[in-house]
Amino acid sequence: MKHYRVPFFTKLHEALRQDGIELVVAYSAQNRKQATRGDSAELPPEIGRKVPGYWFADRFLYQSLWKDVFSADLVIVGNENKYLINPFLLLLSACRLKTVAFWGLGPNMHPDRTAFSEWIKEKMVRSVDWWFAYTETIADYLRRRGMPADRVTNVQNATDTVDLRRQLSEIQADEAALAKAALTGSGSSKIGIYCGFLGEIKAIPMLVEAARLVRKRCSDFHLVIVGSGPDREWLEQAVAGEPWIHYRGSQFGKESAMLYRIADVFLLAGTAGLAIVDSFAAGLPLIATQLPTHPPEISYLRDGENGRLTIHTAAAIADAVVEVLTKPELMACLRRGAERAGSQYTIEAMVENYRVGVNQCFARTGVVARDPVKQQAYREQKAAD
(Lines give C-alpha, C1' and ligand atoms only; values in the text may rest on other atoms or scores of the structure.)
Protein backbone atom coordinates (compact mmCIF):
# COMPACT_ATOMS: atom_id res chain seq x y z
CA MET A 1 0.00 0.00 0.00
CA LYS A 2 1.71 3.15 -1.22
CA HIS A 3 1.36 6.09 1.15
CA TYR A 4 -0.03 8.36 -1.57
CA ARG A 5 -2.95 5.97 -2.14
CA VAL A 6 -4.27 6.17 1.44
CA PRO A 7 -6.13 9.49 0.94
CA PHE A 8 -7.63 8.18 -2.30
CA PHE A 9 -8.99 4.98 -0.81
CA THR A 10 -10.24 6.84 2.25
CA LYS A 11 -12.18 9.34 0.13
CA LEU A 12 -13.43 6.66 -2.27
CA HIS A 13 -14.65 4.53 0.63
CA GLU A 14 -16.76 7.42 1.89
CA ALA A 15 -18.06 8.32 -1.58
CA LEU A 16 -19.15 4.75 -2.33
CA ARG A 17 -20.83 4.38 1.06
CA GLN A 18 -23.17 7.18 0.06
CA ASP A 19 -24.22 4.95 -2.85
CA GLY A 20 -24.77 1.98 -0.55
CA ILE A 21 -21.54 0.30 -1.69
CA GLU A 22 -18.92 -1.04 0.71
CA LEU A 23 -15.30 -0.76 -0.42
CA VAL A 24 -12.78 -3.23 0.99
CA VAL A 25 -9.14 -2.84 -0.06
CA ALA A 26 -7.04 -5.99 0.27
CA TYR A 27 -3.27 -5.57 0.30
CA SER A 28 -0.11 -7.34 1.43
CA ALA A 29 3.40 -6.50 2.59
CA GLN A 30 5.94 -5.27 0.03
CA ASN A 31 8.82 -7.37 -1.23
CA ARG A 32 12.37 -6.63 -0.09
CA LYS A 33 13.20 -4.31 -2.97
CA GLN A 34 10.04 -2.26 -2.58
CA ALA A 35 10.52 -2.01 1.18
CA THR A 36 13.82 -0.14 0.74
CA ARG A 37 11.89 2.90 -0.54
CA GLY A 38 10.16 3.38 2.79
CA ASP A 39 6.93 4.54 1.14
CA SER A 40 4.50 1.93 2.44
CA ALA A 41 1.51 2.69 4.63
CA GLU A 42 -1.45 1.05 6.35
CA LEU A 43 -5.11 1.69 5.64
CA PRO A 44 -7.67 2.30 8.41
CA PRO A 45 -9.17 -1.05 9.53
CA GLU A 46 -12.65 -0.12 8.30
CA ILE A 47 -11.26 0.15 4.76
CA GLY A 48 -8.18 -2.05 4.53
CA ARG A 49 -7.81 -5.79 4.76
CA LYS A 50 -4.16 -6.81 5.05
CA VAL A 51 -3.88 -10.36 3.79
CA PRO A 52 -0.93 -12.78 3.71
CA GLY A 53 1.21 -12.31 0.63
CA TYR A 54 3.79 -14.75 -0.69
CA TRP A 55 6.51 -13.39 -2.97
CA PHE A 56 8.34 -15.60 -5.43
CA ALA A 57 11.78 -14.33 -6.52
CA ASP A 58 10.63 -10.88 -5.33
CA ARG A 59 8.71 -10.65 -8.59
CA PHE A 60 5.45 -12.62 -8.40
CA LEU A 61 2.91 -12.27 -5.61
CA TYR A 62 0.27 -14.72 -4.44
CA GLN A 63 -2.28 -13.19 -2.08
CA SER A 64 -4.56 -15.32 0.06
CA LEU A 65 -7.85 -13.47 -0.38
CA TRP A 66 -10.31 -15.99 -1.76
CA LYS A 67 -12.80 -15.35 1.02
CA ASP A 68 -12.89 -11.67 0.11
CA VAL A 69 -13.14 -12.48 -3.61
CA PHE A 70 -16.13 -14.79 -3.25
CA SER A 71 -17.96 -12.41 -0.92
CA ALA A 72 -17.55 -9.43 -3.26
CA ASP A 73 -19.93 -8.35 -6.00
CA LEU A 74 -17.12 -6.68 -7.95
CA VAL A 75 -13.40 -7.49 -7.80
CA ILE A 76 -11.01 -4.80 -9.03
CA VAL A 77 -7.37 -5.81 -9.46
CA GLY A 78 -4.22 -4.38 -10.97
CA ASN A 79 -3.48 -5.65 -14.47
CA GLU A 80 0.17 -6.42 -13.71
CA ASN A 81 1.45 -9.92 -14.44
CA LYS A 82 2.94 -10.15 -10.96
CA TYR A 83 -0.45 -10.96 -9.42
CA LEU A 84 -0.69 -14.75 -9.56
CA ILE A 85 -4.36 -14.71 -8.64
CA ASN A 86 -5.33 -12.83 -11.81
CA PRO A 87 -5.60 -15.83 -14.19
CA PHE A 88 -8.05 -17.48 -11.78
CA LEU A 89 -10.08 -14.28 -11.54
CA LEU A 90 -10.21 -14.04 -15.33
CA LEU A 91 -11.47 -17.61 -15.47
CA LEU A 92 -14.25 -16.74 -13.00
CA SER A 93 -15.14 -13.73 -15.14
CA ALA A 94 -15.19 -15.82 -18.34
CA CYS A 95 -17.53 -18.31 -16.65
CA ARG A 96 -19.79 -15.46 -15.53
CA LEU A 97 -19.18 -16.43 -11.89
CA LYS A 98 -17.63 -13.12 -10.83
CA THR A 99 -17.56 -9.56 -12.12
CA VAL A 100 -13.91 -8.58 -12.50
CA ALA A 101 -12.33 -5.26 -13.45
CA PHE A 102 -8.77 -4.16 -14.13
CA TRP A 103 -7.31 -0.94 -12.79
CA GLY A 104 -4.05 0.27 -14.17
CA LEU A 105 -1.85 1.94 -16.73
CA GLY A 106 -2.21 -0.62 -19.49
CA PRO A 107 1.21 -0.98 -21.10
CA ASN A 108 4.11 -0.43 -18.69
CA MET A 109 6.80 1.62 -20.41
CA HIS A 110 9.40 1.23 -17.64
CA PRO A 111 12.77 0.23 -19.15
CA ASP A 112 12.99 -3.02 -17.16
CA ARG A 113 9.82 -4.43 -18.75
CA THR A 114 10.12 -7.28 -21.27
CA ALA A 115 8.27 -7.48 -24.57
CA PHE A 116 6.88 -10.89 -23.61
CA SER A 117 5.44 -9.58 -20.34
CA GLU A 118 3.73 -6.70 -22.11
CA TRP A 119 2.46 -9.07 -24.83
CA ILE A 120 0.70 -11.15 -22.16
CA LYS A 121 -0.91 -8.04 -20.67
CA GLU A 122 -2.11 -6.90 -24.08
CA LYS A 123 -3.75 -10.27 -24.70
CA MET A 124 -5.69 -9.92 -21.44
CA VAL A 125 -7.08 -6.44 -22.20
CA ARG A 126 -10.56 -7.73 -23.12
CA SER A 127 -10.66 -10.52 -20.54
CA VAL A 128 -12.41 -8.46 -17.85
CA ASP A 129 -15.86 -6.99 -17.43
CA TRP A 130 -14.65 -3.42 -16.87
CA TRP A 131 -11.54 -1.23 -16.99
CA PHE A 132 -10.54 1.67 -14.75
CA ALA A 133 -7.85 3.36 -16.85
CA TYR A 134 -5.31 5.74 -15.37
CA THR A 135 -5.71 8.40 -18.06
CA GLU A 136 -7.62 9.14 -21.25
CA THR A 137 -4.63 8.01 -23.31
CA ILE A 138 -4.84 4.59 -21.64
CA ALA A 139 -8.61 4.51 -22.15
CA ASP A 140 -8.01 5.18 -25.85
CA TYR A 141 -5.35 2.43 -25.93
CA LEU A 142 -7.88 -0.03 -24.50
CA ARG A 143 -10.60 0.96 -26.94
CA ARG A 144 -8.24 0.55 -29.88
CA ARG A 145 -7.52 -2.98 -28.69
CA GLY A 146 -11.14 -3.97 -28.64
CA MET A 147 -12.37 -3.08 -25.16
CA PRO A 148 -15.91 -1.67 -25.54
CA ALA A 149 -15.95 2.07 -24.89
CA ASP A 150 -18.93 1.78 -22.54
CA ARG A 151 -16.91 -0.51 -20.26
CA VAL A 152 -13.92 1.82 -19.79
CA THR A 153 -13.65 4.52 -17.10
CA ASN A 154 -10.96 7.17 -17.25
CA VAL A 155 -10.25 7.75 -13.55
CA GLN A 156 -7.76 10.57 -14.23
CA ASN A 157 -5.01 9.34 -11.90
CA ALA A 158 -3.87 11.91 -9.34
CA THR A 159 -2.52 12.38 -5.84
CA ASP A 160 -3.95 14.29 -2.91
CA THR A 161 -2.85 17.89 -3.38
CA VAL A 162 -5.35 19.36 -0.90
CA ASP A 163 -2.72 20.01 1.76
CA LEU A 164 -0.22 21.39 -0.76
CA ARG A 165 -2.78 23.78 -2.21
CA ARG A 166 -3.88 24.86 1.26
CA GLN A 167 -0.32 25.44 2.44
CA LEU A 168 0.52 27.40 -0.69
CA SER A 169 -2.51 29.64 -0.19
CA GLU A 170 -1.41 30.40 3.36
CA ILE A 171 2.05 31.64 2.32
CA GLN A 172 2.01 35.39 1.90
CA ALA A 173 4.00 37.13 -0.83
CA ASP A 174 6.34 38.90 1.61
CA GLU A 175 7.02 35.61 3.42
CA ALA A 176 7.87 33.93 0.14
CA ALA A 177 10.16 36.80 -0.88
CA LEU A 178 12.05 36.51 2.40
CA ALA A 179 12.39 32.75 1.98
CA LYS A 180 13.70 33.16 -1.57
CA ALA A 181 16.22 35.76 -0.46
CA ALA A 182 17.36 33.57 2.42
CA LEU A 183 17.92 30.62 0.09
CA THR A 184 19.43 32.35 -2.94
CA GLY A 185 20.68 35.68 -1.63
CA SER A 186 18.19 37.67 -3.68
CA GLY A 187 14.43 38.08 -3.85
CA SER A 188 14.63 38.34 -7.65
CA SER A 189 16.39 35.02 -8.32
CA LYS A 190 14.93 32.54 -10.79
CA ILE A 191 14.38 29.04 -9.40
CA GLY A 192 13.87 25.69 -11.02
CA ILE A 193 12.74 22.86 -8.74
CA TYR A 194 12.79 19.09 -8.95
CA CYS A 195 10.98 17.07 -6.29
CA GLY A 196 10.92 13.30 -6.40
CA PHE A 197 12.87 10.06 -6.50
CA LEU A 198 16.63 10.28 -6.98
CA GLY A 199 17.30 7.30 -9.21
CA GLU A 200 18.47 6.32 -12.67
CA ILE A 201 15.09 6.71 -14.37
CA LYS A 202 14.92 10.35 -13.26
CA ALA A 203 18.14 11.32 -15.13
CA ILE A 204 19.46 13.45 -12.27
CA PRO A 205 22.92 13.90 -13.89
CA MET A 206 21.25 15.33 -17.01
CA LEU A 207 19.16 17.63 -14.83
CA VAL A 208 22.28 18.98 -13.14
CA GLU A 209 24.07 19.38 -16.48
CA ALA A 210 21.10 21.30 -17.90
CA ALA A 211 21.02 23.54 -14.84
CA ARG A 212 24.69 24.40 -15.35
CA LEU A 213 23.97 25.41 -18.93
CA VAL A 214 21.10 27.61 -17.75
CA ARG A 215 23.31 29.21 -15.12
CA LYS A 216 25.82 30.26 -17.79
CA ARG A 217 23.07 32.19 -19.58
CA CYS A 218 21.05 33.32 -16.54
CA SER A 219 23.41 34.29 -13.75
CA ASP A 220 20.56 34.56 -11.22
CA PHE A 221 19.30 31.00 -11.80
CA HIS A 222 19.17 28.51 -8.93
CA LEU A 223 18.25 24.83 -8.88
CA VAL A 224 16.46 23.26 -5.91
CA ILE A 225 16.36 19.46 -5.64
CA VAL A 226 14.12 17.72 -3.12
CA GLY A 227 13.92 13.98 -2.54
CA SER A 228 16.00 10.91 -1.86
CA GLY A 229 17.09 7.68 -3.47
CA PRO A 230 20.15 5.73 -4.66
CA ASP A 231 21.57 8.76 -6.54
CA ARG A 232 21.64 10.90 -3.42
CA GLU A 233 25.32 10.31 -2.62
CA TRP A 234 26.35 11.07 -6.20
CA LEU A 235 24.29 14.25 -6.19
CA GLU A 236 25.72 15.54 -2.92
CA GLN A 237 29.26 15.06 -4.21
CA ALA A 238 28.52 16.46 -7.68
CA VAL A 239 27.08 19.78 -6.45
CA ALA A 240 29.28 20.27 -3.39
CA GLY A 241 31.15 23.19 -4.96
CA GLU A 242 28.11 24.88 -6.51
CA PRO A 243 26.22 26.88 -3.87
CA TRP A 244 23.52 27.85 -6.38
CA ILE A 245 22.38 24.21 -6.52
CA HIS A 246 20.46 23.52 -3.33
CA TYR A 247 19.92 19.90 -2.39
CA ARG A 248 17.39 19.88 0.46
CA GLY A 249 16.85 16.16 1.03
CA SER A 250 13.30 15.04 1.73
CA GLN A 251 10.93 17.86 2.65
CA PHE A 252 7.36 17.74 3.88
CA GLY A 253 4.55 20.04 4.95
CA LYS A 254 5.11 23.77 4.89
CA GLU A 255 8.83 23.40 4.17
CA SER A 256 8.05 21.58 0.94
CA ALA A 257 5.22 23.98 0.06
CA MET A 258 7.52 26.96 0.51
CA LEU A 259 10.00 25.57 -2.02
CA TYR A 260 7.18 25.14 -4.55
CA ARG A 261 5.96 28.65 -3.72
CA ILE A 262 9.27 30.35 -4.48
CA ALA A 263 10.03 28.29 -7.60
CA ASP A 264 9.38 29.48 -11.16
CA VAL A 265 9.42 26.18 -13.06
CA PHE A 266 9.36 22.45 -12.31
CA LEU A 267 12.06 20.43 -14.10
CA LEU A 268 11.94 16.76 -15.09
CA ALA A 269 14.85 15.39 -17.09
CA GLY A 270 13.83 11.72 -16.74
CA THR A 271 10.59 9.82 -16.59
CA ALA A 272 7.61 11.80 -15.39
CA GLY A 273 4.90 10.54 -13.10
CA LEU A 274 2.55 11.90 -10.49
CA ALA A 275 5.02 14.69 -9.73
CA ILE A 276 3.24 16.37 -12.66
CA VAL A 277 0.13 16.71 -10.50
CA ASP A 278 2.07 18.45 -7.72
CA SER A 279 3.72 20.77 -10.24
CA PHE A 280 0.38 21.90 -11.61
CA ALA A 281 -1.19 22.13 -8.15
CA ALA A 282 1.51 24.69 -7.38
CA GLY A 283 0.82 26.52 -10.65
CA LEU A 284 4.32 25.78 -11.94
CA PRO A 285 5.02 25.27 -15.65
CA LEU A 286 6.54 21.83 -16.21
CA ILE A 287 9.58 21.33 -18.41
CA ALA A 288 10.10 17.66 -19.31
CA THR A 289 11.73 15.60 -22.03
CA GLN A 290 10.39 13.24 -24.69
CA LEU A 291 10.89 9.64 -23.56
CA PRO A 292 9.24 6.34 -24.55
CA THR A 293 9.32 5.27 -20.89
CA HIS A 294 6.99 7.95 -19.49
CA PRO A 295 4.01 6.78 -17.41
CA PRO A 296 0.63 7.81 -18.84
CA GLU A 297 0.39 10.95 -16.67
CA ILE A 298 2.75 12.64 -19.14
CA SER A 299 -0.39 13.24 -21.21
CA TYR A 300 -1.35 15.94 -18.68
CA LEU A 301 1.53 18.03 -20.03
CA ARG A 302 0.52 20.13 -23.02
CA ASP A 303 3.52 21.63 -24.77
CA GLY A 304 3.13 25.39 -25.01
CA GLU A 305 0.00 25.37 -22.84
CA ASN A 306 1.12 24.38 -19.33
CA GLY A 307 4.77 23.55 -19.90
CA ARG A 308 7.37 22.53 -22.45
CA LEU A 309 8.29 19.11 -23.80
CA THR A 310 11.80 18.96 -25.25
CA ILE A 311 14.07 16.36 -26.78
CA HIS A 312 16.03 14.33 -24.23
CA THR A 313 19.23 16.36 -24.01
CA ALA A 314 20.63 18.74 -21.43
CA ALA A 315 21.01 21.46 -24.05
CA ALA A 316 17.33 21.23 -25.08
CA ILE A 317 16.19 21.38 -21.46
CA ALA A 318 18.39 24.42 -20.88
CA ASP A 319 17.05 26.18 -23.97
CA ALA A 320 13.47 25.65 -22.79
CA VAL A 321 14.22 26.87 -19.28
CA VAL A 322 15.97 30.00 -20.51
CA GLU A 323 13.15 30.73 -22.95
CA VAL A 324 10.48 30.47 -20.24
CA LEU A 325 12.44 32.44 -17.66
CA THR A 326 13.33 35.30 -20.02
CA LYS A 327 9.96 35.73 -21.76
CA PRO A 328 7.40 37.13 -19.28
CA GLU A 329 4.45 36.65 -21.63
CA LEU A 330 5.32 32.99 -22.18
CA MET A 331 5.81 32.46 -18.46
CA ALA A 332 2.43 34.04 -17.69
CA CYS A 333 0.71 31.90 -20.33
CA LEU A 334 2.25 28.67 -19.04
CA ARG A 335 1.43 29.56 -15.45
CA ARG A 336 -2.22 30.08 -16.33
CA GLY A 337 -2.26 26.73 -18.10
CA ALA A 338 -0.58 25.03 -15.12
CA GLU A 339 -3.15 26.52 -12.76
CA ARG A 340 -6.00 25.26 -14.95
CA ALA A 341 -4.46 21.80 -15.04
CA GLY A 342 -4.00 21.94 -11.27
CA SER A 343 -7.73 22.50 -10.88
CA GLN A 344 -8.53 19.64 -13.24
CA TYR A 345 -6.21 16.86 -12.09
CA THR A 346 -7.22 16.46 -8.45
CA ILE A 347 -7.92 13.55 -6.15
CA GLU A 348 -11.47 14.84 -5.76
CA ALA A 349 -12.03 14.44 -9.51
CA MET A 350 -10.38 11.02 -9.45
CA VAL A 351 -12.65 9.80 -6.64
CA GLU A 352 -15.75 11.03 -8.45
CA ASN A 353 -14.69 9.42 -11.74
CA TYR A 354 -14.02 6.14 -9.97
CA ARG A 355 -17.33 6.30 -8.08
CA VAL A 356 -19.26 6.88 -11.29
CA GLY A 357 -17.41 4.02 -12.97
CA VAL A 358 -18.24 1.57 -10.17
CA ASN A 359 -21.90 2.51 -10.33
CA GLN A 360 -21.95 2.20 -14.12
CA CYS A 361 -20.33 -1.23 -13.89
CA PHE A 362 -22.97 -2.38 -11.41
CA ALA A 363 -25.78 -0.93 -13.51
CA ARG A 364 -24.51 -2.59 -16.68
CA THR A 365 -23.90 -6.01 -15.18
CA GLY A 366 -26.92 -5.94 -12.87
CA VAL A 367 -24.76 -7.30 -10.06
CA VAL A 368 -26.17 -5.04 -7.37
CA ALA A 369 -29.72 -3.74 -7.18
CA ARG A 370 -29.52 -0.11 -6.20
CA ASP A 371 -31.48 0.71 -3.05
CA PRO A 372 -32.30 4.44 -3.13
CA VAL A 373 -34.15 4.23 0.21
CA LYS A 374 -31.06 2.96 2.01
CA GLN A 375 -28.87 5.48 0.18
CA GLN A 376 -31.08 8.37 1.24
CA ALA A 377 -31.18 7.11 4.84
CA TYR A 378 -27.41 6.98 4.87
CA ARG A 379 -27.10 10.53 3.52
CA GLU A 380 -29.55 11.80 6.15
CA GLN A 381 -27.62 10.06 8.90
CA LYS A 382 -24.34 11.62 7.70
CA ALA A 383 -25.97 15.04 7.56
CA ALA A 384 -27.22 14.61 11.13
CA ASP A 385 -23.75 13.59 12.30
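**Surface, core and one helix of a predicted model**

The protein chain in this predicted model exposes about 18500 Å², and carbon and sulfur atoms supply 53% of that area.

Visitor: How many helices and strands are in the protein chain, and what share of its residues count as buried?
Guide: The protein chain has 16 helices and 14 strands. Buried means under 20% relative accessible area. Of the 385 residues, the share that counts as buried is 48%.

Visitor: Which residues of helix α4 are buried, and why are they on the same side of α4?
Guide: Helix α4 covers residues 86–94, and its buried residues are N86, L89, L90, L92 and S93. An α-helix has 3.6 residues a turn, so residues three or four places apart point the same way. The buried residues of α4 are on the same side because they cover an arc of only 155° around the axis.

Visitor: What covers the buried residues of α4, and which exposed residues does the face turned away carry?
Guide: The cover includes α3 (66–71), β5 (74–78) and β6 (99–104). The face turned away from the buried side carries the exposed residues L91 and A94.

Visitor: Which helix gives the most to the largest nonpolar core?
Guide: The largest nonpolar core has 69 residues. Those with the most contacts inside this core are F221, L223, I225 and F266. The helix that gives the most, with 8 residues, is α13 (residues 314–326).

Visitor: How many residues are in the other core?
Guide: This core lies apart from the largest one. Among its residues are L23, F132, V155 and V351. Its number of residues is 27.

Notes: Residues numbered from 1 in each chain as written. Predicted model: local features only at pLDDT ≥ 70, side-chain atom pairs only at ≥ 80, totals over all residues. Heavy atoms only, no water. Helix = DSSP H or I, 4+ residues; strand = E, 2+ residues; numbered from the N terminus. Buried < 20%, exposed > 50% of the residue type's maximum accessible area, 1.4 Å probe, protein only. Areas by Shrake-Rupley, 256 points an atom, 1.4 Å probe, with all protein chains shown as cover. Arc of directions from axis to C-beta. Contact = heavy atoms within 4.5 Å. Core = buried A, V, L, I, M, F, W, Y, C linked by side-chain atoms within 4.5 Å.
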